[in-house]
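Colleague: I would like to learn how to read the strands and helices of a model such as this one, element by element. Could we go through it together, beginning with a hairpin?

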Amino acid sequence: MDRARFAPEFALRIDGAPAPAELRACIQSVSCTTGYEGLDELQLVLANEQLRWLDHPLFKLDTAVTFELGYAPDPLSQVFDGQVVARGASFPSGAMPTFTVTAHDRRHRLREGNKVRWFAIPLPCPGNLPLPDIATASLVTLENLMLPIFDPVGAALSIILGGVDTFVAVTDPESAQKVIRKQANESDYDFLGRIAAENGWDVLVEHDGPVGGHLLRFTSSLDHLQADHTFAWGRSLIDFQPRVSKVGQIATIGGFVWVSAIKMTFVVTLGFDWDRMSLTLSIYPGMVPIGMQPGDYLIDEPLTPTSIPRKLVSEIIPRLNRRVTASANVVGEPQLRAGQVARIENAGEEFGGLYRVTSVTHTIDGGGFRTRFDARKEVWFGSIPLADQGAVPVRLSF
């Protein structure tokens with residue numbers, strides 16, 4: 001390993017300017033967390049000798065903060081770009097006071113206030129048509145001064161689902177209102193989250209690059225299945241905690257669909273065949289779900305031919321992808337990002353192999369530079385031979 005990797009370095013910019021030397025000298029720890037769940041966060045803990053930072057104007061709310069990480073003398077990687085959202089202080093007895101600054105990515109503005117509106121294309125004939133979800137998500141993102149990016153597979157799936165909506169709206173104007181996106185007393189953050197779930201998207205903020213922190217990526221796991229990093233127990237992994245669980249798992253999800261044109265109810269089920277590693281779709285008339293077992297999930301709300309595909313996608317895929325999860329710690333890895341694929345070796349067949357990184361936390365403190373990540377083993381990786389994933393049986397030597 002290059003010895004330079006043992007010299008971690010970071011750069012902090014506040015309101016576009018490098019942090020003053022006296023501020024850097026007071027930093028006790030820096031923690032940066034990015035990922036799929038919640039807002040990305042940067043937290044600085046400062047030694048607050050003589051309370052010098054307590055009322056300092058440098059940390060006004062909404063101040064822009066940029067954080068870069070790496071190893072000297074190599075170029076640093078920008079891992080966070082956001083805004084100050086909170087300040088706090090600690091006044092312990094018999095110890096140094098501290099001052100804590102917390103910054104979030106710019107999606108925090110999407111949580112401010114709820115809205116009631118709808119997204120449609122007005123036409124004189126046949127009437128209002130649903131605005132595609134890609135366009136709706138783009139409009140909401142741009143309103144909040146962020147730029148949307150859509151990965152190809154996720155965009156294609158959304159277009160297919162949206163085509164069904166448009167067909168129904170054109171052929172059955174009375175049903176058109178039901179397929180138009182409505183933001184019903186929701187924040188922009190929750191509204192985008194609902195659209196993403198129903199299209200099978202994950203949402204990430206891109207922090208690197210010249211417009212880092214202003215890019216909102218809507219991504220599908222199927223867009224990227226190749227390993228970006230390789231970690232091995234006994235070598236690069238400081239620790240590794242995988243877990244397989246059937247809690248919350250289902251084999252089949254189903255729902256009842258009423259087709260008004262022919263006045264019939266159909267049962268639609270979507271399941272997963274673990275032996276063949278494939279999704280199975282069944283549609284049949286009636287009110288009795290055939291083949292569903294105790295523990296399977298039956299949607300208890302009325303569905304339409306247009307709402308059932310998105311509902312099935314948003315319910316079953318996240319559950320399948322939570323079957324095998326893991327967390328790990330490695331020596332600081334500034335290039336590790338949520339959404340990337342990690343190859344885990346020396347962990348056996350079940351727990352070794354490819355994982356999707358869902359959350360990354362970089363920490364620099366008195367203990368050095370460490371990176372912790374959470375990950376999930378997605379069902380899509382089942383199509384890749386285990387040996388190619390690095391998931392091989394543990395061989396004992398006597």
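Modeller: Let us begin with E5 and E6, which are joined by a hairpin through five residues. Please keep in mind throughout that this is a predicted model.

Colleague: In which sense do strand E5 and strand E6 pair, and over how many bridges?

Modeller: The general idea is that strands of a sheet pair through backbone hydrogen bonds, in either a parallel or an antiparallel way. Here E5, covering residues 64-71, and E6, covering residues 77-90, pair in the antiparallel sense over six bridges, and Leu69 stands opposite Ser77 in E6. E6 is also joined by seven bridges to strand E7 (residues 98-104), the two running antiparallel, with Val101 in E7 as the bridge partner of Arg87.

Colleague: What is the order of the strands in the open sheet of three strands, and which of them stand at the edges?

Modeller: The order is E9-E8-E11, with antiparallel pairing. Strand E9 (129-130) and strand E11 (181-186) stand at the edges, and because each has a single partner strand, one side of each is left without a neighbour in the sheet. Between E8, residues 115-121, and E11 there are five bridges, and these strands run antiparallel; as an example of the register, Arg117 has Gln183 in E11 as its bridge partner.

Colleague: Which helices pack on that sheet, and at what angles to its strands?

Modeller: H2 lies across E8 and E11, and its direction makes about 135° with E8. H5 packs on the sheet as well, touching E8 and E11, and runs at about 140° to E11.

Colleague: How do the axes of helix H2 and helix H5 cross?

Modeller: The axes of H2 (residues 133-143) and H5 (residues 188-198) come within 11 Å and cross at roughly 155°. An angle over 145 degrees counts as roughly antiparallel, so H2 is roughly antiparallel to H5. H2 passes H5 in a left-handed crossing, and the contact is made by Asp133, Thr136, Ala137, Val140, Thr141 and Glu143 on the side of H2, and by Asp188, Phe191, Leu192 and Ile195 on the side of H5. By character, the residues of this contact divide into five nonpolar, two polar and three charged.

Colleague: Is Ser138, which lies in helix H2, buried or exposed?

Modeller: A residue counts as buried if its relative accessible area is under 20%, and Ser138, at 15%, is therefore buried. Leaving aside its neighbours within four places in sequence, Ser138 is in contact with Pro148 and Phe150. The buried residues of H2 include Asp133, Thr136, Ala137, Val140 and Thr141 besides Ser138. After H2 comes Leu145, whose phi is positive, near 60°.

Colleague: What does Leu110, in the loop between E7 and E8, touch, not counting residues up to four places away in sequence?

Modeller: Leu110 touches Asn144, Ser187, Asp188, Tyr189 and Leu192, of which Asp188 and Leu192 also belong to the H5 side of the contact with H2. Although Leu110 and Asn144 are 34 residues apart along the chain, their C-alpha atoms are separated by 6.7 Å. With a relative accessible area of 3%, Leu110 is buried.

Note on methods
Residues numbered from 1 in each chain as written. Predicted model: local features only at pLDDT ≥ 70, side-chain atom pairs only at ≥ 80, totals over all residues. Heavy atoms only, no water. Axes fitted to C-alpha atoms, helices over the stretch in contact; angles between N-to-C directions. Helix = DSSP H or I, 4+ residues; strand = E, 2+ residues; numbered from the N terminus. Parallel < 35°, antiparallel > 145°, perpendicular 65-115°, else oblique. Left-handed = near helix turned anticlockwise from the far one by under 90°. Contact = heavy atoms within 4.5 Å. Nonpolar A, V, L, I, M, F, W, Y, C, P; charged D, E, K, R; others polar. Pairing = 2+ DSSP bridges. Buried < 20%, exposed > 50% of the residue type's maximum accessible area, 1.4 Å probe, protein only.
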